[in-house]
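Trainee: Before I use this one, I'd like to go through how each label is earned. Can we take it step by step?

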Protein chains: 2
Amino acid sequence: MTAASSCSSDKRDAILEGAIAEFLKQGYAAASMDRIASTAGVSKATIYSHFQSKDRLFIAIVDRLVLSKFADLLAPEQVTQHLNDPPEQLLRHLASTMLQVPRQDPEYVGFIRIVIAESERFPDLAQTFLRELPAIALESLSHYFTHCPHLALPDPEATARIFLGAIAHYIITQYVLYGADILPLTETRLIDTLIAMITASGAKPL
Amino acid sequence: MTAASSCSSDKRDAILEGAIAEFLKQGYAAASMDRIASTAGVSKATIYSHFQSKDRLFIAIVDRLVLSKFADLLAPEQVTQHLNDPPEQLLRHLASTMLQVPRQDPEYVGFIRIVIAESERFPDLAQTFLRELPAIALESLSHYFTHCPHLALPDPEATARIFLGAIAHYIITQYVLYGADILPLTETRLIDTLIAMITASGAKPL
DNA sequence: GTCTATAGCCAGATAGAC
DNA sequence: GTCTATCTGGCTATAGAC
């Protein structure tokens with residue numbers, strides 16, 4: 001029991017990776033267990049010995065993606081540590097980080113797409129996603145807006161929702177829906193305008 | 001050629017209606033031509049005589065939905081006529097109208113879901129949607145923001161994008177992703193905060 | 001645990017009578 | 001144009017050898 005005795009989780013991981021590729025590309029219904037098996041380099045029967053059904057395999061990969069992708073993106077400590085930062089700086093950094101993700105990680109775009117696509121058939125997955133990403137980001141930013149000494153916003157929570165929602169919607173139109181040419185707008189203008197609106201509505205007189 | 005001689009478009013319409021129900025509920029891949037035929041009360045062969053393939057039927061119904069649902073929702077005249085209205089009034093009316101749609105028309109939620117769901121397989125449909133709804137709304141609101149005498153916004157176009165994007169994202173989280181309990185926020189707070197942010201950043205001194 | 005082989009089913013699409 | 005009946009193929013899932 002010295003080195004690689006991780007219980008044959010090799011195959012399990014290979015299955016999960018193949019399943020991610022297949023589900024993200026094809027969607028749930030069009031994804032084929034044969035192709036997943038082929039991509040993963042295992043037999044179909046092996047998949048069914050690890051995951052009882054196509055449903056459970058799908059749930060497993062989305063759960064994994066939800067929980068893994070953003071473990072440290074917006075940890076509450078991140079914001080608590082920067083409570084005294086000027087809003088311009090913190091908001092610009094946050095927005096840039098969010099907008100960087102779909103550019104650097106195309107898999108993220110497919111992930112967003114499939115969470116929305118399968119939200120009718122798998123509403124639990126959609127809700128898990130909401131709890132693990134937007135709800136956490138929202139709480140962190142609301143906390144900052146509430147306690148930052150440079151701001152006195154009338155409704156910090158709604159303001160956080162607007163800030164994050166406008167950026168998320170920008171990601172959906174530009175990347176998920178291939179709308180960069182149809183709704184052209186640079187990231188800089190989006191960010192600058194958001195920051196201007198927030199500071200204008202809540203800057204402390206000093 | 002007096003009364004009902006509309007060339008047998010009766011069956012064609014029945015097929016389209018059945019197809020809308022089936023595609024919106026199941027998604028493209030899981031939708032079954034047998035069920036569509038059954039719902040429409042025709043045989044499968046009749047469907048294939050009107051539409052050559054499942055692809056073309058799907059494109060036909062989404063095109064129809066895109067073009068029909070919002071013919072008059074935000075016609076450019078609507079905004080031009082109200083150029084002198086105070087921003088609070090026009091923006092509140094616009095936001096209320098947008099947020100009313102998914103509440104009164106559940107089919108709209110399924111429509112949004114499927115446009116996003118199939119954007120990888122049918123990017124043209126996603127782009128048609130963007131051109132026919134968000135792009136038009138954006139242009140109208142940008143025009144208002146640019147010419148309304150009560151406002152002097154630094155970037156009217158980006159401001160319009162943020163306003164419409166925040167509302168669209170609210171619809172996605174609350175209705176498409178079943179997140180009303182996870183991300184609670186009343187429409188009133190969303191609207192009030194948006195209006196406050198915009199007027200604060202662009203109210204003319206007078 | 002992992003494989004090969006296959007059961008059993010349902011899909012999209014078509015042929016041919018009317 | 002519309003139907004019934006059917007073809008062909010891929011799908012999920014499993015049985016049984018190793």
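Mentor: Sure, and keep in mind that this is a predicted model. Let's begin with the interface: 100% of the interface residues of chain A are also interface residues in chain B, so the copies meet through the same surface.

Trainee: What makes residues of chain A and chain B count as being in contact?

Mentor: The cut-off is 7 Å between C-beta atoms placed from the backbone. By that test, 44 residues of chain A are in contact with 44 residues of chain B.

Trainee: Which helices of chain A each supply at least two residues of that side?

Mentor: Helix 7 (106-117), helix 8 (123-132), helix 9 (134-147), helix 10 (156-176) and helix 11 (187-202) do. Helix 10 of chain A gives the largest share, eleven residues. By residue class, the side of chain A that touches chain B splits into 28 nonpolar, ten polar and six charged.

Trainee: How do you know how the two copies are related?

Mentor: Superpose them: a turn of 180° with a shift of 0.0 Å along the axis lays chain A on chain B, and the RMSD is 0.0 Å. The copies are therefore related as by a two-fold rotation axis.

Trainee: Which residue of chain A comes closest to the rotation axis?

Mentor: That's Ala117(A), with its C-alpha at 2.0 Å.

Trainee: Why is a stretch of chain A called "DNA-binding region"?

Mentor: That name comes from UniProt, where an unreviewed entry lists residues 32-51 of chain A under it, and such annotations may be inferred rather than shown by experiment. In the model, residues 32-51 of chain A are 75% helix and 0% strand, with end C-alpha atoms 15 Å apart.

Methods: Residues numbered from 1 in each chain as written. Chains lettered and ligands numbered in written order. Predicted model: local features only at pLDDT ≥ 70, side-chain atom pairs only at ≥ 80, totals over all residues. Contact = placed C-beta atoms within 7 Å. Helix = DSSP H or I, 4+ residues; strand = E, 2+ residues; numbered from the N terminus. Nonpolar A, V, L, I, M, F, W, Y, C, P; charged D, E, K, R; others polar. Least-squares fit on C-alpha atoms with pLDDT ≥ 70 in both.
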